[in-house]
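User: Please take a close look at the charged side-chain contacts in this model, and explain for a beginner where the partners sit and how open they are to the surroundings.

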Amino acid sequence: MASKVVTVGPLYQGPDINRIPLRSQPSQKPAVPPKPLVPSKSKLTTIEAKRIMTVLDETIYKVELVTLLSYVASNPEVTEGVLGEDVAAMIREHQDLCELLLDAASHLQEQEQQLLQEEDEAEGEGWLQARRSSLEMQKASLLPLLQQIRDSTRNVLRVLLSSPQVASFLQMQTQGRSAEAQSFIDNLLELRGFLFEKLLTSPMEAREKAQFIQDVSRRNRRNQEMIDILENELAVGMKRRKAEEEYEDLEVVHKEEKAQLEELKRKHDVLVEEYSQIRTEREILSKKRMEAEHEMVRMVRAATIIQAVWKGYLVRSMLRSKKKKRAKAKGKDKDKGKGKGKGKGKK
């Protein structure tokens with residue numbers, strides 16, 4: 001990655017083309033390798049950063065639950081015995097509100113398309129304005145329904161979040177999520193990765209990264225400016241020397257200038273290659289970090305499922321043991337009753 005940093009002195013000391021220095025001298029300073037453009041930390045340290053990530057994680061978790069409500073409402077057999085009657089009724093009511101909104105929106109869209117066609121055919125008609133006003137009123141009438149859906153969503157989420165086992169079970173029904181919803185969740189996870197990397201980067205590292213990119217861009221810009229200057233002045237010199245018995249001297253200068261130009265282009269290509277390698281390394285590191293985070297999420301989900309299954313097994317075991325104890329207690333009570341009856345008979 002490291003390469004020698006070449007500094008080129010002023011190539012033109014005056015307007016006379018014969019005074020052009022023909023060689024560029026490389027710097028004698030040792031090459032300095034570019035600093036890696038990755039955060040130095042791997043964990044969040046500030047409370048503010050942790051709060052931000054917690055809010056985003058909770059948002060993603062809630063979105064995962066909300067995007068499965070329609071599937072649960074349409075397939076009650078999937079959650080039979082898991083959701084209570086109250087929760088199932090809330091989800092069905094929420095689904096009814098959503099379907100009502102979709103039907104109304106679809107009807108409005110059809111009316112708008114029909115109105116557009118009628119406007120193209122009959123321009124300036126007064127009744128078109130009345131139709132537009134009617135559509136606007138219908139749109140405004142949907143606002144209370146939208147608010148009802150928001151309230152219903154909050155209520156359903158509040159109930160689901162109060163029962164982690166039900167929420168975990170619902171979260172596992174990923175086959176019921178639509179492709180659009182899954183794409184939205186994937187985008188949220190990608191945003192989480194970008195935000196996590198941003199929060200890991202300290203202000204000093206961010207400034208160093210910005211400074212590094214500025215330095216590389218500045219060097220590229222200077223090299224390009226130098227190339228433009230050489231090409232322009234070479235063109236001017238060629239025009240000036242067209243009418244003079246000195247063509248051979250100009251040819252020599254031209255060859256040397258061309259060599260300088262090739263050298264500058266080579267240095268420019270090296271800088272571009274270095275910058276490309278740095279970007280590739282950053283992308284690889286970012287991809288590895290995202291894969292590690294996804295793997296951690298899968299492991300956490302697996303652990304949650306295992307814990308839920310184990311807790312269910314313990315609850316069932318406790319219920320079975322309580323039933324056995326009650327059965328034994330009833331049997332003892334019956335035996336005691338029979339014993340007392342026999343004693344009275346003997347007397």
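Analyst: Of the 347 residues in the protein chain, 24% are buried (under 20% relative accessible area with a 1.4 Å probe, protein chains only; exposed is over 50%, and partly exposed lies in between). This is a predicted model, in which local features need pLDDT of at least 70 and side-chain atom pairs count only at pLDDT 80 or more, while totals for chains, interfaces and linings use all residues. Residues are numbered from 1 along each chain as its sequence is written, and side-chain values use heavy atoms, with hydrogens and water left out.

The setting for the contacts is helical, for the protein chain has 8 helices and 0 strands (DSSP runs numbered from the N terminus: H or I of at least four residues for helices, E of at least two for strands). Read from the N terminus, the order of its elements is α-α-α-α-α-α-α-α.

A search of the whole structure gives 9 salt bridges, each being a side-chain nitrogen of Lys or Arg within 4 Å of a carboxyl oxygen of Asp or Glu. One of them joins the side chains of Asp151 and Arg154, with 2.4 Å from N to O. These two residues are separated by about one helical turn, because they stand 3 residues apart in helix H4, which covers residues 126-161. Asp151 counts as partly exposed because its relative accessibility is 30%, and Arg154 is likewise placed in the partly exposed class because its value is 43%.

Helix H8, which covers residues 247-346, holds both Glu263 and Arg266, 3 residues apart or about one turn of the helix. Their side chains meet in a salt bridge at 2.6 Å, again taken from N to O. Glu263 has 25% relative accessibility and therefore counts as partly exposed, while Arg266, with a relative accessible area of 44%, is also partly exposed.

Further along in helix H8 lie Glu295 and Arg298, and this pair too is 3 residues apart, about one turn of the helix. The salt bridge between the side chains of Arg298 and Glu295 has an N to O distance of 2.6 Å. Arg298 is partly exposed because its relative accessible area is 47%, and Glu295, at 38% relative accessibility, is therefore counted as partly exposed as well.

Salt bridges can also involve several residues, as Asp57, Arg192 and Glu293 show, since these three are linked in a network of such contacts.
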